[in-house]
Amino acid sequence: LQVVRDQISHCTVKLRQTTGLMEYCLEVIKENDPSGFLQISDALIRRVHMTEDQWGKGTLTPRMTTDFDLNLDNAPLLQSIHQLDFVQMKVSSPVPAPPILQLEECCTHNNSATLSWKQPPLSTVQVEGYILELDDGNGGQFREVYVGKETMCTVDGLHFNSTYSARVKAFNKSGVSPYSKTLVLQTSEDTQSEEQTLPFPVPLERSQLRRMSPFSSTLNLQPSFSGRSYFELRSSAHQLSLHSSLQSLNSAVDIKKMVAVAWFSFDPSSAHADIIFSNDNLTVTCNSYDDRVVLGKTGFSKGLHYWELSIDRYDNHPDPAFGVARIDVLKDAMLGKDDKAWAMYVDNNRSWFMHNNSHTNRTEGGITKGATVGVLLDLTRRTLTFSINEDQQGPVAFENLEGLFFPAVSLNRNVQVQPWLGPDIP
């Protein structure tokens, strides 16, 4: 670069000199006195020829070629490499012992499971963290669902009526422990049924549960009380099993089919910060004029689910949206603006279905204060249907639904909604 700069400077000086000579020659040509011109013409011609020769003798030829002559002396580097000395470090501590699953603290609720574990009582090896693994609920491969220092973890969004295997291992700087014994757990049951009748008399514990429980989704179940949990501890040498039941029905009561309810409330942890919760997270509104999204705590991937929401406040004709969504749906826009939500948004006169910001099926009939919006998610037929005041709103809204869906609502400060508990399936 320095060579090129010097050549640029030299050429700039020569250009300035040549330009001055050209301007001088032009002034001489304008001379009106012939004798005066003849006196200086010979010297001027020689000066012009000399300048032309200087330009032709390489002034504009690059002094630096594109091939740089670089010599790298790598002898010191090779000497340093040859002098390196590798030392095998001794292990400072052994790997941890396998964790012990605490059966008394493990439980299932709807389609979520809580697992708890601890280190063996006599173990003195330091543990940096744990790795919890679950299979796919169908006997498939295990996969990591939690890595961290906690000794308790709740896994949400599992399949209903599925059997999962869980195991945990510990780790530190020295390595990873063997796996704990495998815990087999059963999520809430879910089968198809055309009849839905509650047993009579209803057990006292269940009556209290229905009055106190949060946002609910009605499911068709086999003849057993909802909330039943089932655990089985397996090891290679022996098997242990633990069966627990929240409540068993009186054997004298003849029940062919019944309805059980998967309970869930709105989830503050995944909602937009502008959402306002009250009534034990059953009632929601918003402190913003813009639409904000809130999800239910329980996700559904199988079975038939129906829930209703009561419009407790409706001012200035806003257009709230109701439906289902993935856990990573946009929280700062109307439900259905992205491809993670399937919704019906409605004002005081009409409604539309919306998914991925596409509006379809405008239908007459809106909402007012006191109206009820129903959401019917049929994952057996893979459809989603909406109703207003128990009348179906438009055709089947969406088809070919597959995956994990959470109940979802978007609203602003002009709307307040609250779910109805355990409605009958339309």
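A residue counts as exposed when its relative accessible area is over 50%, and as buried when that area is under 20%. Glu-390, at 67%, is therefore exposed. Keep that scale in mind for this tour of a predicted model.

**The protein as a whole**

The chain has 426 residues, of which 43% count as buried. Its secondary structure comprises 4 helices and 26 strands. Among the contacts with a separation of 6 or more, 66% join residues that lie 24 or more positions apart. About 24,600 Å² of the protein is exposed, with 51% of that area supplied by carbon and sulfur atoms.

How far can you trust the coordinates? The mean pLDDT is 79, and 79% of the residues reach 70 or more. Residues 191-261 call for care, with pLDDT below 50 over this stretch. The model nevertheless gives the stretch 160 contacts beyond near neighbours in sequence. Where pLDDT is low, predicted coordinates should not be read in detail.

**An open sheet**

One good place to start looking is an open sheet of 6 strands, ordered 16-25-18-19-20-21 and paired in the antiparallel sense. Its edges are strand 16 (292-295) and strand 21 (358-364), each of which pairs on one side only. On average, neighbouring strands here are turned by 20° against each other, direction ignored. Within the sheet, strand 19 (residues 341-346) and strand 20 (residues 350-355) are antiparallel partners over 5 bridges. One residue pair to find is Val-346 with its bridge partner Ser-351, which sits in strand 20.

**Two nonpolar cores**

In soluble globular proteins, nonpolar side chains tend to be buried together. Here the largest nonpolar core has 36 residues, and those touching the most other members are Phe-322, Leu-377, Leu-384 and Val-417. Several strands supply at least two residues each, including strand 18 (321-325), strand 22 (372-378), strand 23 (383-388) and strand 26 (415-419). Strand 17 gives the most, with 4 residues.

What does Leu-377 touch, leaving aside its neighbours within four places in sequence? Its contacts include Phe-300, Leu-304, Trp-307, Val-324, Leu-384, Leu-401 and Phe-405, along with Gly-303, His-305 and Thr-383. Apart from this core lies another, of 18 residues, among them Trp-117, Tyr-130, Ala-166 and Val-168.

**Three loop residues**

Three loop positions are worth a visit, and the table gives their accessibility.

| Residue | Loop | Relative accessibility |
|---|---|---|
| Asn-110 | between strand 2 (107-109) and strand 3 (112-118) | 6%, buried |
| Ser-177 | between strand 8 (175-176) and strand 9 (182-186) | 6%, buried |
| Glu-390 | between strand 23 and strand 24 (391-392) | 67%, exposed |

Asn-110 has a positive phi, near 55°, in a residue other than glycine. Glu-390 likewise is not a glycine and has a positive phi, of about 70°.

Is Ser-177 buried or exposed? Its relative accessibility is 6%, so Ser-177 counts as buried. Beyond its neighbours within four places in sequence, Ser-177 is in contact with Pro-96, Ala-97, Pro-98 and Pro-99, as well as Lys-169 and Ala-170.

Key:
Residues numbered from 1 in each chain as written. Predicted model: local features only at pLDDT ≥ 70, side-chain atom pairs only at ≥ 80, totals over all residues. Heavy atoms only, no water. Pairing = 2+ DSSP bridges. Axes fitted to C-alpha atoms, helices over the stretch in contact; angles between N-to-C directions. pLDDT = per-residue confidence, 0-100. Contact = heavy atoms within 4.5 Å. Core = buried A, V, L, I, M, F, W, Y, C linked by side-chain atoms within 4.5 Å. Buried < 20%, exposed > 50% of the residue type's maximum accessible area, 1.4 Å probe, protein only. Areas by Shrake-Rupley, 256 points an atom, 1.4 Å probe, with all protein chains shown as cover.
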